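Open the model in your viewer and keep the selection tool at hand. The tour goes from single residues to the whole chain and back.

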Amino acid sequence: MALNRIVFTIDTVIKQEPIQSNQLPSNRLQNIPAGTTFVIQSYSLPPGNNDHYKITLENIQFKGFSNWFAFAGHVQIIQEPIVVATTIEAVVNRQTEKNVARIAVDRNTLETQQGFLKLVFNVDTFIKRQPIDSNVLNDQSKQLIPAGTELVLSTSLPDSTNTVRLPIQDSHVRFNLDDIEIKGFSRDWYAFIKHVGIQRVG
């Protein structure tokens with residue numbers, strides 16, 4: 001099934017008004033790193049201002065808002081079926097080590113790129129503050145993320161073997177988000193390893 005999604009092609013900000021970001025206070029702006037993809041409920045070009053899309057995010061809010069404006073030159077709206085990524089479970093199953101997911105990234109190709117890996121959501125699933133069943137967590141400790149979302153990760157650089165390691169605990173991967181907070185947190189989220197994969201940004 002094809003979904004409406006918005007892909008951020010360069011580092012940018014989404015805004016509460018379709019004006020220059022330097023005219024808005026920080027609580028009406030949200031940084032979004034290049035490579036991020038969100039599922040959107042709806043989008044439109046605002047009347048009289050055809051260089052910003054008005055978007056409504058599916059399930060996710062930033063700073064209490066799900067409705068935002070995005071500069072059209074920094075994003076693409078796509079309507080395509082979800083391409084399922086290799087799950088983190090499959091990656092771990094190929095390894096002898098089971099307490100980390102080893103992701104190969106050639107550090108020579110990174111240059112100055114910061115967020116170079118993204119978490120790809122193959123199914124609707126929760127990210128959580130603890131690696132436990134979402135049913136026992138309160139709303140502040142979990143966030144439903146729709147299938148088709150891709151969130152850029154903040155990780156260490158690849159080591160001398162061109163490997164990035166992400167911790168695995170109780171069948172969940174622990175991760176940090178690059179430049180965004182969900183429910184006030186960017187660090188130490190968990191996702192079930194059967195539901196997500198990791199890909200290189202770009």
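## Stop one: two aspartates

Select aspartate 170: it is exposed, with a relative accessible area of 55%. Here buried means under 20% relative accessible area, exposed means over 50%, and partly exposed is in between, with a 1.4 Å probe and protein chains only. Aspartate 170 sits in the loop that links β13 (163-169) to β14 (172-175). Check its backbone: phi is positive, about 50°, although the residue is not a glycine.

Before moving on, note the source. This is a predicted model, where local features need pLDDT of at least 70, side-chain atom pairs count only at pLDDT 80 or more, and totals for chains, interfaces and linings use all residues. Residues are numbered from 1 along each chain as its sequence is written, and side-chain values use heavy atoms, with hydrogens and water left out.

Now select aspartate 179. It lies in the loop between β14 and β15 (189-192). Phi of aspartate 179 is also a positive value in a residue other than glycine, near 75°. Is aspartate 179 buried or partly exposed? It counts as partly exposed, at 48% relative accessibility.

Stay in the loop between β14 and β15 and pick glycine 184. Glycine 184 is partly exposed, with a relative accessible area of 49%. Draw a distance from its C-alpha to that of glutamine 23: the two are 161 residues apart along the chain and separated by 24 Å.

## Stop two: the whole chain

Zoom out and colour by secondary structure. The chain comes to 1 helix and 16 strands. These are DSSP runs numbered from the N terminus: helices are H or I with at least four residues, strands are E with at least two.

Turn the C-alpha trace along its principal axes. It spans about 60 × 45 × 35 Å. The radius of gyration is 17 Å, which agrees with the value near 17 Å for a compact globule of 202 residues. That radius is taken over C-alpha atoms, and the globule rule is 2.2 Å times the number of residues to the power 0.38.

Show the surface. About 10200 Å² is exposed, and carbon and sulfur atoms supply 45% of it. Buried residues make up 47% of the 202 residues. Colour the charges next: there are 19 positive and 19 negative side chains, and the centres of the two sets lie 3 Å apart. Lys and Arg count as positive, Asp and Glu as negative; His and the chain ends are not counted.

## Stop three: two domains

Give residues 5-78 one colour and residues 88-200 another; these are domain 1 and domain 2. What separates the centres of domain 1 and domain 2? The distance is 23 Å, taken over C-alpha atoms. The contact takes 15 residues from domain 1 and 16 residues from domain 2. Contact means heavy atoms within 4.5 Å. Across the chain, 65% of contacts between residues at least 6 apart in sequence join residues at least 24 apart.

## Stop four: loops to compare

Select glutamine 61, in the loop between β5 (52-57) and β6 (67-71). Glutamine 61 is partly exposed, with a relative accessible area of 42%. Now add glutamine 143. The pair is 82 residues apart along the chain, yet the C-alpha atoms are separated by 9.6 Å.

Go to proline 18, in the loop between β2 (12-15) and β3 (29-32). Proline 18 counts as partly exposed, at 21% relative accessibility. Add serine 42: it is 24 residues from proline 18 along the chain, and 16 Å separate their C-alpha atoms.

Finish at aspartate 159, in the loop between β12 (150-152) and β13. Aspartate 159 is partly exposed, with a relative accessible area of 25%. Which residues are in contact with aspartate 159, leaving aside its neighbours within four places in sequence? Select Arg107 and Arg165 to see them. Then draw a line to isoleucine 60: aspartate 159 and isoleucine 60 are 99 residues apart in sequence and 33 Å apart in space, C-alpha to C-alpha.

Note on methods: Areas by Shrake-Rupley, 256 points an atom, 1.4 Å probe, with all protein chains shown as cover. Charge placed at Lys NZ, Arg CZ, Asp CG, Glu CD. Domains from an automatic or database assignment.
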